[in-house]
Amino acid sequence: MNEKAEKLIDKKGIRLDGRKADELRPLKLQVGVLSHADGSAYIEHGKNKILAAAFGPREMHPKHLSLPDRMVLRCRYHMAPFSVQERKSPAPSRREVELSKVIKECLEPALFLELYPRTGVDVFVEVLQADGGTRCASITAAALAIADAGVPMRDLVVACAAGKVDDTVVLDLYDAEDKLGAADVPVAYMPSLNAVTLLQMDGILTPEEFEKAMNMAMDGCKKIYEMQKEALKTKYMVVKEAEE
Amino acid sequence: MSSLVTRVRLKQIEQFIEKGKRLDDRGLRDYREIKIEQGLIERAEGSARVLLGKTEVLVGVKVETGKPFDDTPNEGVLTVNAELVPVASPNFEPGPPDENSIELARVVDRGIRESKAIDNEKLCIEPGKKVFVVFVDVYVLNHDGNLIDASALAAMAALLNTKMPNYEIKDGELKIKQGYTPLPVKSHPVTVTTGKINNSLIVDPGLEEEQVMDSRISMAINDEGNICAVQKGGSGYFTPQQILEASKIAQEKAVEIRKKLNW
């Protein structure tokens with residue numbers, strides 16, 4: 001990798017895209033963007049553009065997958081063929097299968113599964129454009145879609161990554177930092193319950209750096225959490241205005 | 001998970017854990033006995049069988065030649081695959097890999113890859129054209145809990161047992177010579193999985209514990225005691241304090257296992 005010679009952070013601590021170490025990329029969140037889904041959300045997180053739709057609680061298809069004592073949550077994380085530099089085959093890759101699983105498992109703790117026996121909720125996430133940190137942005141959008149569908153939740157789930165770039169722990173890595181950086185720690189979090197529902201890491205970190213990265217990611221989550229709540233409220237503000 | 005039997009078992013497991021004990025008499029922070037046997041498959045370039053209590057995993061390593069990836073023309077290629085063979089559990093079915101076996105393979109892969117366990121540049125034959133491709137195939141033969149740690153151990157043990165063919169390049173042609181050299185291994189990552197049952201953390205969950213636990217966290221620790229891969233799994237959550245505790249447990253256990261295995 002010859003690009004590695006290039007510094008990702010300059011002497012003043014400013015990153016290649018002009019951000020400080022603990023600064024998030026600009027975010028835009030929108031709720032209720034699809035008319036046929038029970039709930040939906042759209043997120044722009046830096047250059048990531050991701051659409052999430054939630055259906056249910058509804059009867060399971062196929063029926064034998066339903067459970068007698070609780071609801072089944074299914075998630076599909078999928079990247080559009082044109083979302084990355086080199087065309088990605090639309091068939092699910094092993095990475096997408098793994099991410100679908102961890103996204104499902106990070107949303108489940110937020111739901112009252114036992115209140116909806118025999119039903120299913122399906123969440124579909126489509127990554128339209130990817131720029132690093134898509135799993136986190138997908139989780140943020142998927143939680144909003146479920147909330148928009150009116151499914152009761154213990155808390156919203158919000159996700160953000162931190163990582164290590166040029167020996168510095170930084171927040172919210174974008175594509176180049178993710179590829180050339182030393183480590184990436186995506187975290188999903190329910191702020192009012194202080195519960196981490198997704199945690200992954202690759203790269204090498206000392207235990208101290210790992211703790212710092214995890215805390216930085218959780219602080220980032222708390223900031224996005226406020227925007228999530230705002231996005232939900234905004235949808236109903238618009239409805240209210242329309243009625244008046 | 002939701003059957004009546006396991007709910008009764010959950011009560012029992014919880015009561016034991018309150019007393020700092022496990023169903024099989026282990027302490028909360030104890031691993032089951034680890035047994036490793038290497039080189040039992042002669043046809044493979046490397047192999048190892050790990051017994052973690054009753055959990056049994058066989059890993060075979062095949063080394064072939066192939067093309068490098070465009071972005072890493074000087075490096076060999078590592079591929080990890082996992083099969084949850086139907087002989088291992090009544091719940092495993094034949095067929096293409098499901099999300100569980102894909103997750104298992106990817107977690108084992110990440111531990112080896114991110115710790116830079118294999119000296120990839122030494123696997124390069126001709127930059128951009130020909131490199132060695134190392135196939136690590138994880139075969140789960142008996143599922144009695146904690147497949148991640150058992151598979152990660154077995155994969156590392158098999159790589160340590162792997163021999164690469166000697167070769168020379170004559171007139172641009174690759175020629176395999178007599179004899180073998182060991183695969184260049186730089187680090188010995190150890191993966192430690194901690195489960196959470198009712199806010200108590202237990203190491204190396206067994207099958208019944210796995211069926212009742214909320215969630216697990218697996219951490220791969222390299223020779224220097226740094227963390228090189230993490231995966232949380234299961235439908236529950238961890239508090240940040242519990243994660244830091246799990247990280248401390250992983251550090252300690254990795255040192256202990258490495259010492260026992262002379263890695």
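**Figure 1. Pairing of β9(B) with β11(B) in the predicted model.** Strand β9 of chain B, residues 190-197, pairs with strand β11 of chain B, residues 215-221. The two strands are antiparallel and are joined by seven bridges. One residue pair to look for is B:T194 in β9(B), whose bridge partner in β11(B) is B:I217. Helix α3 of chain B, residues 147-160, packs on the sheet and touches both β9 and β11 of chain B. The direction of α3(B) makes about 175° with that of β9(B).

**Figure 2. The hairpin of β9(B) and β10(B).** Four bridges connect β9(B) and β10(B), again in the antiparallel sense. The bridge partner of B:K196 in β10(B) is B:L201. Two residues lie between the strands of this hairpin. Within the hairpin, B:N198 takes a positive phi near 50°.

**Figure 3. The sheet with strands from chains A and B.** Eight strands make up an open sheet with antiparallel pairing. Their order is β7(A)-β6(A)-β8(A)-β9(A)-β12(B)-β11(B)-β9(B)-β10(B). At the edges stand β7 of chain A (168-171) and β10 of chain B (200-203); each has a single partner strand, so one side of each is left without a neighbour in the sheet. On average, neighbouring strands are turned by 20° against each other, direction ignored. Strands of a sheet pair through backbone hydrogen bonds, in either a parallel or an antiparallel sense.

**Figure 4. The junction of β9(A) and β12(B).** Strand β9 of chain A, residues 195-205, is joined to β12(B) by four bridges, and the two strands run antiparallel. At this junction, A:L205 has B:I227 of β12(B) as its bridge partner. Helix α5(B) lies across β9 of chain A and also across β9, β10, β11 and β12 of chain B. The helix α5(B) runs at about 140° to β9(B).

**Figure 5. The side of chain B that touches chain A.** In the contact between the chains, 28 residues of chain B meet 28 residues of chain A. On the chain B side, the elements that give two or more residues are α2 (99-114), β12 (227-233) and α5 (240-261). The largest share, seven residues, comes from β12(B). By class, this side of chain B has 11 nonpolar, 11 polar and six charged residues.

**Figure 6. Helix α2(A) and the residue A:G150.** Helix α2 of chain A covers residues 134-148. At 1.5 Å a residue, its 15 residues should span 21 Å, and the end C-alpha atoms are 21 Å apart, which agrees. Of the 15 residues of α2(A), 15 are buried, so the helix is largely enclosed by the rest of the structure. Just after α2(A), A:G150 takes a positive phi of about 85°.

**Figure 7. Chain A as a whole, for orientation.** Chain A has four helices and nine strands. From the N terminus on, these elements run β-β-β-β-α-β-α-β-β-α-β-β-α. The radius of gyration of chain A is 18 Å, close to the 18 Å that the globule rule gives for 244 residues, so chain A is as compact as a globular protein of that length. Taken along the principal axes, its C-alpha atoms fill a box of roughly 55 × 45 × 35 Å. Of the 244 residues of chain A, 47% count as buried. Among contacts in chain A with a separation of 6 or more, 70% are between residues 24 or more positions apart.

Technical notes
Residues are numbered from 1 along each chain as its sequence is written. Chains are lettered from A and ligands numbered from 1 in the order in which they are written. This is a predicted model: local features need pLDDT of at least 70, side-chain atom pairs count only at pLDDT 80 or more; totals for chains, interfaces and linings use all residues. Two residues are in contact if their C-beta atoms, placed from the backbone, lie within 7 Å. Ala, Val, Leu, Ile, Met, Phe, Trp, Tyr, Cys and Pro count as nonpolar, Asp, Glu, Lys and Arg as charged, and the others, Gly among them, as polar. Two strands pair if DSSP finds at least two bridges between them. The radius of gyration is taken over C-alpha atoms; the globule rule is 2.2 Å times the number of residues to the power 0.38. A residue is buried if 20 or more other C-beta atoms lie within 10 Å of its own, exposed if 12 or fewer, and partly exposed in between; C-beta atoms are placed from the backbone. Axes are lines fitted to C-alpha atoms, for helices over the stretch in contact, and angles run from 0 to 180 degrees between N-to-C directions. The expected span of a helix is 1.5 Å times one less than its number of residues.
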